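Colleague: I am new to this structure and would like a close look at a single part of it. Could you take one helix, and then set it within the rest of the chain?

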Amino acid sequence: MVFRKPPDGGWGWVIVVVSFFTQFLCYGSPLAVGVLYLEWLDAFGEGKGKTAWVGSLANGIGLLASPVCSICVSSFGARPVAIFSGFMVAGGLMMSSFAPNIYFLYVSYGIVVGLGCGLLYTATVTITCQYFDKHRGLALGLISTGSSVGLFIYAALQRELIELYGLDGCLLIVGALSLNILACGSLMRPLQSSSSPPPEKMGVEKVPDQYFVYHEKEKTVEENISILEKGYIDEKCVNNVPDCKQDSILNKNVLSSININEKDTYKKKVVEQTNFCKQLAKRKWQLYLTYWKETMVLFKNKVFSALFVAILLFDIGGFPPSLLMEDVARSANISEDDYYMPLISIIGIMTTVGKLILGILADFKWVNTLYLYVTTLLMTGVALFAIPFAKSYLTLAMLSGILGFLTGNWSIFPYVTTKTVGIEKLTHAYGILMFFAGLGNSLGPPIVGWFYDWTQEYDTAFYFSGFCVLLGGFLLLLAALPCWNACTSQSSKLPPNTYSYKVASNA
């Protein structure tokens with residue numbers, strides 16, 4: 001499909017608005033799942049580690065399945081995928097209201113809702129990039145704030161709905177709100193030129209012409225022979241019965257000779273098609289080999305390897321607060337009368353602020369984006385170490401705001417990836433990193449919950465989380481230091497697009 005030049009405006013701003021609301025509606029409940037987490041603990045009586053799997057799956061499965069999501073959007077388009085995913089998110093939320101046990105929630109809320117969110121994220125980002133070129137950064141920044149605003153609003157909304165209608169009623173209402181994704185998806189008009197051929201014709205043209213020529217020829221020969229044979233025999237049998245048997249025998253001899261020629265032609269075509277299939281399989285195998293070779297080249301870049309470890313450890317340690325902070329407050333015996341705002345709402349609004357401010361800082365030429373990202377990791381680790389010492393709502397609210405702001409480093413992560421591997425390898429590298437980010441999102445909350453089930457307090461769990469984030473930050477800092485680059489460059493030549501201090505300083 002041939003796309004027109006991105007208009008950088010016009011209907012593109014409608015795409016930005018509907019993409020913002022799409023991410024708002026689909027990610028609002030999964031990101032604010034900490035409110036539901038408390039209710040599930042009381043409803044099912046399972047351990048904190050087992051219950052935490054529900055929220056971690058909902059937030060991690062979309063990243064884990066990002067390659068599948070990309071294939072779906074590329075094959076079917078953003079609008080059909082968005083509409084289908086809207087049904088998935090709404091249906092998963094509504095099914096969760098009838099969950100008889102925690103295992104049912106793993107499927108209905110964790111997998112169905114999580115996969116729907118992953119598909120919607122890919123669809124919104126893809127169609128936004130199609131409509132914008134010069135203002136692509138601004139457009140992507142605007143739609144990415146939809147999830148953070150959703151976290152801020154849904155945290156308070158779900159708490160209020162639970163008080164009024166109970167947990168089941170809350171999930172039904174939130175699921176019904178998600179049906180608005182269908183209206184947003186219907187407005188995602190694809191950007192394609194009117195002169196492009198229809199998909200059916202393009203699909204047919206991809207198949208080798210020789211196959212269709214032979215297929216039609218074979219069919220025509222068989223049909224014509226059968227018609228001529230039948231008409232000739234019928235006519236002779238009516239006019240002259242004795243000649244009927246003789247002509248029938250003669251006709252069979254003619255047909256046998258024709259069939260011999262057709263069999264030879266058929267064998268030739270079978271050999272041609274077999275060779276074609278072998279060449280196609282060989283070409284596919286070469287593509288797979290090339291993919292793995294490029295992957296190995298990426299991991300030879302020590303900064304990329306450190307970045308892969310850092311994003312994995314960051315999501316293992318940095319994601320649990322957004323899910324478990326409400327339970328941390330309840331474990332600290334903080335009265336609900338002291339609550340001025342849900343802690344998850346504070347995380348959500350400060351994440352929005354962090355994305356904007358850190359994104360603006362990354363545009364300054366004097367700011368090293370890699371060191372800026374490392375700084376956010378180190379500060380996140382320190383804040384996680386401070387959570388066990390917070391025993392009041394005010395201190396927990398301050399730490400929630402700090403952690404939310406630092407979590408906004410997602411907005412500069414693409415900058416860091418681009419400067420690390422180069423723009424030509426960005427898609428490949430970013431897909432790998434997002435897979436491990438999803439793995440960290442899925443493992444982080446259950447690990448923290450298991451620590452609580454083991455020690456009956458959150459202190460050890462958050463010490464472990466802080467250690468993971470600090471370890472990832474220090475490894476990335478060590479890999480990016482100029483002195484380390486100088487030492488390694490003397491022994492071996494660095495691969496292309498390696499992140500060095502000189503390149504980074506111009507980020």
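Modeller: **A close look at helix 5**

The buried residues of helix 5 are Ala78, Val81, Ala82, Ser85, Gly86, Met88, Val89, Ala90, Gly92, Leu93 and Ser96, where buried means under 20% relative accessible area, exposed over 50%, and partly exposed in between, with a 1.4 Å probe and protein chains only. This is a predicted model, in which local features need pLDDT of at least 70 and side-chain atom pairs count only at pLDDT 80 or more, while totals for chains, interfaces and linings use all residues. Residues are numbered from 1 along each chain as its sequence is written, and side-chain values use heavy atoms, with hydrogens and water left out.

Helix 5 covers residues 78-96, and its 19 residues should span 27 Å at 1.5 Å a residue, which agrees with the 26 Å between its end C-alpha atoms; the expected span is 1.5 Å times one less than the number of residues. Helices here are DSSP runs of H or I with at least four residues, strands are runs of E with at least two, and both are numbered from the N terminus.

Around this helix, the secondary structure of the protein chain comes to 21 helices and 0 strands, and 45% of its 507 residues count as buried. Of the contacts in the chain with a separation of 6 or more, 84% are between residues 24 or more positions apart, a contact being heavy atoms within 4.5 Å.

Elsewhere, Thr351 lies in helix 14, residues 343-362, and is buried with a relative accessible area of 8%. Leaving aside neighbours within four places in sequence, Thr351 is in contact with Ser148, Gly404, Phe405, Thr407 and Gly408. Glu326, in helix 13 (residues 320-331), is also buried, with a relative accessible area of 2%, and its side chain reaches the backbone nitrogen of Leu343 at 2.9 Å.

As for the cysteines, the structure holds 0 disulfides, a disulfide being a pair of cysteine sulfur atoms within 2.5 Å. Cys26 is in no disulfide, and the nearest cysteine sulfur, that of Cys117, is 4.3 Å away. Cys26 is buried, with a relative accessible area of 1%, and Cys170 is buried as well, at 0%.

Conventions
A polar contact is a pair of N or O atoms within 3.5 Å; within protein, one must be able to donate a hydrogen and the other to accept it, and residues adjacent in sequence count only if both atoms are side-chain atoms.
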